[in-house]
Amino acid sequence: MTRNRHIDIFFLLLIIEIFTITTLLILNVKEITFTDYVLYMLIFLIIVISFYSNLITGLITSAFLVFGYGSYMLYQSLFYEKSSIGNSYFWIVLFPLSAFISGRLSDSINEIRNKNMKFEKQVKELVTVDEITGFNNIKEFYKDLNEEMSRSKRHKFSLVVMLVEIQYLEELIGIYGTDKINKIFKIISNIIEKVTRTEDKRYKIDEDLFAVIMPNTDIKGAEIVKERLKKKLEDIEVNHGSQTKTYKFDFKIAVLQYNDRITNSFEFKELVQKELEYDI
Amino acid sequence: MGLSLVDYLFLYSLLSTWLLLLMNIFLTFSGYRFYTISSSKKIDILKEMTEFPSVSILIPAHNEEKVIGKTVKAMLSLNYPEDKFEVIVINDNSSDDTGKILEELKKTYSNKNLRIITTDKITGGKGKSNALNIGYQNSKSDYIVVYDADNTPEKLALRYLVYAITNSKDLGAVIGKFRTRNKYKNILTRFINIETLSFQWMAQAGRWQLFRLCTIPGTNFIIRRSVIEALGGWDIHAIAEDTEISFRIYKMGYRIGFMPLAVTWEQEPEKLRVWFKQRTRWAKGNVYVLLKYLKNIYREKTKSVLFDLYYFFSVYFLFLSSVILSDIIFILGLFTDIKISLSSNFFVIWILAYILFILEVSIALTLEKGESNYKNIILVALMYFSYCQLWMIVAIKGMILYFKDVLFKQETKWYKTERF
C-alpha cells in the first residue's frame, strides 16, 4: 500500500518542478535567451526519456547533457569573457533532478503494474469457480473427469459427458451487451442444474461452453436428459423489473459415453466436442 | 589578452579534469550497457554447466588467524564436484596461530582436497607474489583460482568463473565481483562499499564493454595454468601483483573477462590507519607498473595496454597534478597578487565535477540490488569532500614511497592488511 503513495509524491514533485521552472522563466522573461529555451526543451526531453525507459537511462542521459552543457559553459567563459554564467547552475542541477523524479514516478507505476499482473495471474491459477454461474471451471473439470474415468474403468460403471454450446456468443454479446448475457448465463445454469441429477457435476469450461459429467449414466439415459434440456432451453425467460422477456438462442448439445479406447480426459473432451458438430 | 604562466597552468588543470570527466561518463554508460547485456543472458549454471575441469584454489595466508578458518570452510563448501578441485593454503611465514587452525581444519576435513604448504623465513615471507608462486608450483590443475584469506565466496562463485573461462578461448583470466562484508560497521566501510561497487561497475565493467579490458583485483579470479606458465609466475618485485600480472596477460594477447555473477564477500579495513596503509601500497604498486611500462610506451603495440597506461597515467599524474595545481592557484589568489585572468570558470568545472560524480556513482549503485537508497546517495554527496580527498594524500604518499624505494634501492616489502 505504501507504494501507492510514491506515485502521488513523485507526480506532485514533477508538477511542482515544471511549475517552478516555468514560473522562473516567465518572471525573467526579458533576460531569457534562446539557449535557455533549448535547455527548457531538453528538460522535457529528459522527463519523457526517463519516464518511458527507466531511471538509469534517464540518469545517464542527464549525465551526458550535464557534461555537454558544462563543457559549453566552460568554453563560453574561457573565450567570451563577458558571458555570465549566473543561472547556468540552475540547469545543471535540474537535468538530473528531472530524470530522477520522472524515473522514480515511472518505476513506481511499473511496480504497481507488475504487481497487478502478478495478482491477476495468481488469481487465474487459484480460482476454480466461474464467477457468474457458480459452476466449477475447466481446471476442476479435468480433475474430476480424470477421477470419474478411472473409477468407471475400475468398477465398470458407465460414464457420460455432456457438452452444451451456445451458438454465436460473440454476436449475442454485441447485440445484448455483457450484462444481459451474464444474466442469461445465470438462467441457463439454473436450467442445467434443474434438468440434471444432483450427483451430476456441472462446469462452465469456456466462454460459450457448459459441461456436465454424469456418472452411473449410460448413453440412453443421457439422450433423454439431452432432449429434455434442449426443450427447456428453447425459450429463455428473463425478468427485467416488472416485465418478462423471452429470448430464443441456438444451442448445440452433445453426449458421449466413456469407453476403453479413450485414454485420457483431454481426448474424451475432444471427442464430445466433435459430437457437437452432429447436433443440428 | 595576454596569458601568464599561471593562466596556462590553470588551463592545463582545467583540461585534464575535463578529460577525466569525459572518460568517466563513458565508463558509466558502458558499465550500464554491460549490465543490461549480461543480465539479459540468463545462465542456469546448475543445469547448463557440463564440463568440470580440475581447479586449484590458492589462498596465500600470512598471519591470518582471525579469518582463515571461516575462509577455508567457505572454500570447501563451494558448489563444484569434489574430486575436481583442491584448496591449497600457503601458510606463509606466519607467527600466529594460523598454522594451528589449518592443522585442525585438515583433520576435520580429511576427506576433502585441502593442502597446506607452510613456509618459514628462508623459503617464504617474501610477499603475496612469492606465496602464490609457491602455491602454483605445487598444484597440478589446468586452472588456478586465487582468493585472499579474508574472502567468503558465494557457493556458486567457482562455477561461474569456470563457466566463463571455459566458454571463451581468448580469455586468459576471468575476474568475479567482490562485495563488502562489513559494510555496516562504520562510515569508512560504508564509503569503501560504495567505492568498490562503483569501481567495479564503472572501471571494470565499463572498460570491459568499451575495450574488452579488466584488471585483476587480487582476489576472486581464475587464470589458465598455461598463461601463468608462459609468464613464469608472479613478479615478486611488484607490490601490486594483480595490476602487474594483468598487464602481462594483455601483452600475451589474452583478455581478462568480468563475471559479475561470481561474487565473493571480503572484509574491508575498519580503521583509517589500516585503510591508509593498504591504499598507499596499491598506489605505490600502480606507480611501479605505470613507470615500468611507460618507459617503453613508444614501442607498445597492444591497444589494451596503451589504454590502461593512459587510464593510470590520467588518474595518477594528470588528475592529481591538476587538483594540486588548481588548489595552489586558488590559495595564491586568496593571499597574494597572483591572479588568473581566466576567472569564474573555476566554479563551473568544480560544480560540474561534483554533480557528475554524484550522478555516476549513483548510477553505479543502482546497478547493484539493494544499494540504491537515499542513505547511500547522501553518503555519495559527502564522500566527495571526505573520502575522495583522502585519496589525494594516498596517491602522493604512494609516489613518494615508490621513489624513495627506487632511490635507496630498498627491497619492496608486502604490507599485509590487518584483519578485524
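Two residues count as in contact here if their C-beta atoms, placed from the backbone, lie within 7 Å. Welcome to this structure, which is a predicted model. Two topics make a good starting point: the place where chain A meets chain B, and a sheet in chain A with helices lying across its strands.

**Where the chains meet**
- On the chain A side, 20 residues are in contact with 21 residues of chain B.
- Two elements of chain A, helix H3 (55-79) and helix H4 (88-126), each give two or more residues to the side that touches chain B.
- H3(A) gives the most to that side, with 15 residues.
- Sorted by class, the side of chain A that touches chain B has 16 nonpolar and four polar residues, and no charged ones.

**The sheet in chain A**
- Four strands of chain A form an open sheet, in the order E2-E3-E1-E6, and their pairing is antiparallel.
- At the edges are strand E2 (201-206) and strand E6 (251-257) of chain A, each of which pairs on one side only.
- On average, neighbouring strands of this sheet are turned by 20° against each other, direction ignored.
- Five bridges join E2(A) to strand E3 (residues 209-215) of chain A in the antiparallel sense.
- Lys201(A) has Ile213(A) in E3(A) as its bridge partner.

**Helices across the strands**
- Helix H8 (residues 219-234) of chain A lies across strand E1 (159-166), E3 and E6 of chain A, and runs at about 170° to E6(A).
- Helix H9 (residues 265-276) of chain A lies across E1 and E6 of chain A, and runs at about 135° to E6(A).

Terms used. Residues numbered from 1 in each chain as written. Chains lettered and ligands numbered in written order. Predicted model: local features only at pLDDT ≥ 70, side-chain atom pairs only at ≥ 80, totals over all residues. Nonpolar A, V, L, I, M, F, W, Y, C, P; charged D, E, K, R; others polar. Pairing = 2+ DSSP bridges. Axes fitted to C-alpha atoms, helices over the stretch in contact; angles between N-to-C directions.
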